[in-house]
Amino acid sequence: MMTEVTIRRATRDDAAEVAAMVREIAAHEDQATQVHVTDERWHALLGRPEVIVLLAERGSRAIGYVSAVRQLHLWTGGDVLNLDDLYVRPGHRDVGVGRQLMAALAALAASGWLLIRWGMEVDNVEAQRFYHRLGATLRPKILAAWPPSAYAEVATGR
């Protein structure tokens, strides 16, 4: 029989485990070269109150996480939670761990009546189905990223 899954907020002591899972999800999404955050940097990030990482554990082993950043939403004047990643390690998927992580994030957001928002790849149909079953509203939107190397000339007036 599998042990029960517990969800808890990650602490600085969890930095190496969080960093490892971030690398795992990035590799799964063929984005490994985009991850530049070290274990040491995660140690600092996990001390910031606006950075939320909830760990799913079975026994004493981390099997997944959900991460979000609380930030001001200028249209409403209130805060929102911007979900960054939801990740469950292989061998622990399709048994409700992702749903438990989302429920824990929702419970955290509920006390402040915070909107939770996130994006996903257009071709990730499984994720879209999962989030739709949770009651999320899905709408198409194009996300833009403007790296410093691309905006440097604009910023300097060239």
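Start by selecting Arg48 and Glu50: their side chains form a salt bridge, with the closest N and O atoms 2.5 Å apart. Keep in mind that this is a predicted model. Both partners are partly exposed, Arg48 with a relative accessible area of 38% and Glu50 with 23%.

Next, select Asp79 and Arg70. This pair also makes a salt bridge, and its closest N and O atoms are 2.7 Å apart. Asp79 counts as partly exposed because its relative accessibility is 29%. Arg70 is partly exposed as well, at 37%. Then display Arg8, Asp14 and Glu57, which are joined into one network by salt bridges that share partners.

Move on to Glu24 and Arg89. Their side chains meet in a salt bridge of 2.8 Å, N to O. Colouring by secondary structure helps here: Glu24 sits in helix α1 (residues 15-28), while Arg89 sits in the loop between β4 and α3, so the pair, 65 residues apart, links distant parts of the chain. Which of the two is buried? Arg89 counts as buried, at 7% relative accessibility, whereas Glu24 is partly exposed at 27%. Across the whole structure, a search finds seven salt bridges.

Now select Arg58, in strand β2 (residues 51-58). What is the nearest side chain of opposite charge to this buried residue? That side chain is Glu4, 9.5 Å away, and Arg58 has no salt bridge. Add His92 to the selection to see what Arg58 does have: a polar contact of 2.9 Å between the two side chains.

Finish in the interior. The largest nonpolar core has 21 residues, and Val66, Leu101 and Leu105 are those with the most contacts inside it. To see where the core comes from, show β2, β3 (61-73), β4 (78-88), α3 (97-110) and α4 (125-134), each of which supplies at least two of its residues. Helix α3 gives the most, with five residues.

Centre the view on Leu101 and show its surroundings. Leaving aside residues up to four places away in sequence, Leu101 touches residues including Ile7, Leu54, Leu55, Ala56, Val66, Leu86 and Val88. Gly64, Tyr65 and Tyr87 are also among the residues it touches. For the last stop, select Ala10, Ala15, Trp42 and Tyr87: they are among the 16 residues of another core, which lies apart from the largest one.

Conventions: Residues numbered from 1 in each chain as written. Predicted model: local features only at pLDDT ≥ 70, side-chain atom pairs only at ≥ 80, totals over all residues. Heavy atoms only, no water. Helix = DSSP H or I, 4+ residues; strand = E, 2+ residues; numbered from the N terminus. Buried < 20%, exposed > 50% of the residue type's maximum accessible area, 1.4 Å probe, protein only. Lys, Arg positive; Asp, Glu negative; His and termini not counted. Salt bridge = Lys/Arg side-chain N within 4 Å of Asp/Glu carboxyl O. Polar contact = N/O pair within 3.5 Å; in protein donor to acceptor, adjacent residues only side chain to side chain. Core = buried A, V, L, I, M, F, W, Y, C linked by side-chain atoms within 4.5 Å. Contact = heavy atoms within 4.5 Å.
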